[in-house]
Amino acid sequence: MADYDIIVIGSGPGGYIAAIRAAQLGFRTAIVEREHLAGICSNWGCIPTKALLRSAEILHYGQHAKDYGLVLEGSFKADLEAVVKRSRGIAVRMNNGVQFLMKKNKVDVIWGEAKLTKPGTITVAPTKKPAMQPQGPIPKNAKGEGTYTADHIIVATGARPRALPGLEPDGKLIWTYFESMVPAKMPKSLLVMGSGAIGIEFASFYRTMGVDVTVVEVLPQVVPVEDAEIGAFARKAFEKQGMKIITSAKVTKVEKSADSVTAHIEDEKGGKQTITADRMISAVGVVGNIENIGLEALGVKTDRGCIVIDDLCRTNVKGVYAIGDVAGPPMLAHKAEHEAVICVEAIKGLHPHPMDKSMIPGCTYCHPQIASVGLTEAKAKAAGYELKVGRFNFVANGKAVALGEDSGLAKTIFDAKTGKLLGAHLVGPEVTELIQGFVVAMNLETTEEELMHTIFPHPTLSEVMKESVLDAYGKVLNA
Ligand SMILES: Cc1cc2nc3c(=O)[nH]c(=O)nc-3n(C[C@H](O)[C@H](O)[C@H](O)COP(=O)(O)OP(=O)(O)OC[C@H]3O[C@@H](n4cnc5c(N)ncnc54)[C@H](O)[C@@H]3O)c2cc1C
């Protein structure tokens, strides 16, 4: 008999959720981790960035206290060391939380680097500490190096920063998200290469902290996966805050001096410029951790840096599965968690619904926040739909005005023939919380009729959602 029914490699949101669900279903389960329980998400991704952004948000409110009739006496400023310490403390708390959950669910933790050696078998070697990732606390009762067997092995090894040739992060002048999260001192100026979620969240954090920020994006719009109108709205808001944004342009070369970088930037028309900044953040995407885990030896198929899976997270090799970032885009924690449950329930024979990738929401926690689900207007048109599109501005929402946060846009896209909600796109205050209303609606295959029939509480920001739906059908009330 194998040592375990299921071994999970990697304890990020994909891996640890898979381990919990496996244990709940009665599988003898182990999880292997080489650096930090809870993975990138809790240690170097979703959670510590939100902690930093929260400090920046409060700083912003403090700086605008007068707008709320409040007087702040004395100095009100950021203590960078304390801001970073708070964020790191929260990461440790998350890490400890997963340790608790593994213990509670009787999941064995094996500490070290796992490698598949043959079907059903892994070896675990001591962690080779990667240069940029301080190792998290090792659970006291963790098992160590050795050979372990299991009937099913789930690969959840996550991803790491992508590096462009010639523009590789060095951890000193050119940062990845690791260094960006723990600055020892605030740079005066910062160049952010890439305006996807990671790049723009850091740009937003540093700008609010008073840094002179320039963002360079190769595509024509910032936050390029978002609807063009939302991207344009966000860009205006960022520029109003003093962020400089250069689109349709790429960094071609970087020259380093002792304490600054000079980036050579070329736009699509061949125009050239140089920008010198104290630091540069490389935020040009992530690549799956597929190397040195024995995939080649077993013949596990990969494609463009990710493991190829079917809709139940099975690879082409029997007994080997993959979930989360290593199994391809969108590289989001909630996608990893959802795949984890599908994967384990399918192993159990519970016939879970396969993932519908068109229903995965995306949230970006810049200021203003951005959130979306479903098709953009351009994609819906390209798919051949005849559209009804609604828009509603936060400026006409009473709660937004009361909050002093009345800049934002809600956009909804319907199939004109059937009334099916195809996409919802929001930019503005707390939209990362609001979007879930549309996600639930889409999952329930809602139409405009049901959304119009739904009562939204007043006064709430959520009323912009309903007004946007009403606008799509020429029935808007507050505009
Ligand atoms: C700065 C930043 C902000 C982000 N913000 C958000 C956000 O707001 N919302 C969101 O949804 N997503 C966000 N993400 C993305 C999110 O972090 C990832 O999608 C998520 O962590 C993927 O989970 P995972 O389980 O696939 O892998 P990971 O969280 O990357 O975990 C993989 C784990 O596997 C371990 N591992 C790798 N190889 C081995 C091996 N051979 N042996 C043992 N262990 C191994 C690693 O040490 C790691 O702990 C953010 C990412 C970054 C970088």
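**How the ligand sits in this model**

By class, 19 nonpolar, 14 polar and 6 charged residues make up the shell around the ligand. Here Ala, Val, Leu, Ile, Met, Phe, Trp, Tyr, Cys and Pro count as nonpolar, Asp, Glu, Lys and Arg as charged, and the others, Gly among them, as polar. This is a predicted model, where local features need pLDDT of at least 70, side-chain atom pairs count only at pLDDT 80 or more, and totals for chains, interfaces and linings use all residues. Residues are numbered from 1 along each chain as its sequence is written, and side-chain values use heavy atoms, with hydrogens and water left out.

Q: What makes a residue count as near the ligand?
A: One of its heavy atoms has to lie within 4 Å of the ligand. 39 residues surround the ligand, and Gly 14, Glu 33, Lys 50, Asp 325 and Ala 333 are the closest.

Q: Why is the pair between Glu 33 and the ligand called a polar contact?
A: A polar contact is a pair of N or O atoms within 3.5 Å (within protein, one must be able to donate a hydrogen and the other to accept it, and residues adjacent in sequence count only if both atoms are side-chain atoms). A polar side-chain atom of Glu 33 is 2.6 Å from a ligand oxygen atom, so the pair fits.

Q: How do you know that Leu 332 makes one too?
A: A polar backbone atom of Leu 332 is 3.3 Å from an oxygen atom of the ligand, so this pair is within 3.5 Å as well. As for cover, the ligand taken alone exposes 1000 Å², and the protein buries 95% of that (Shrake-Rupley method, 1.4 Å probe; for residues, only the protein chains shown count as cover).
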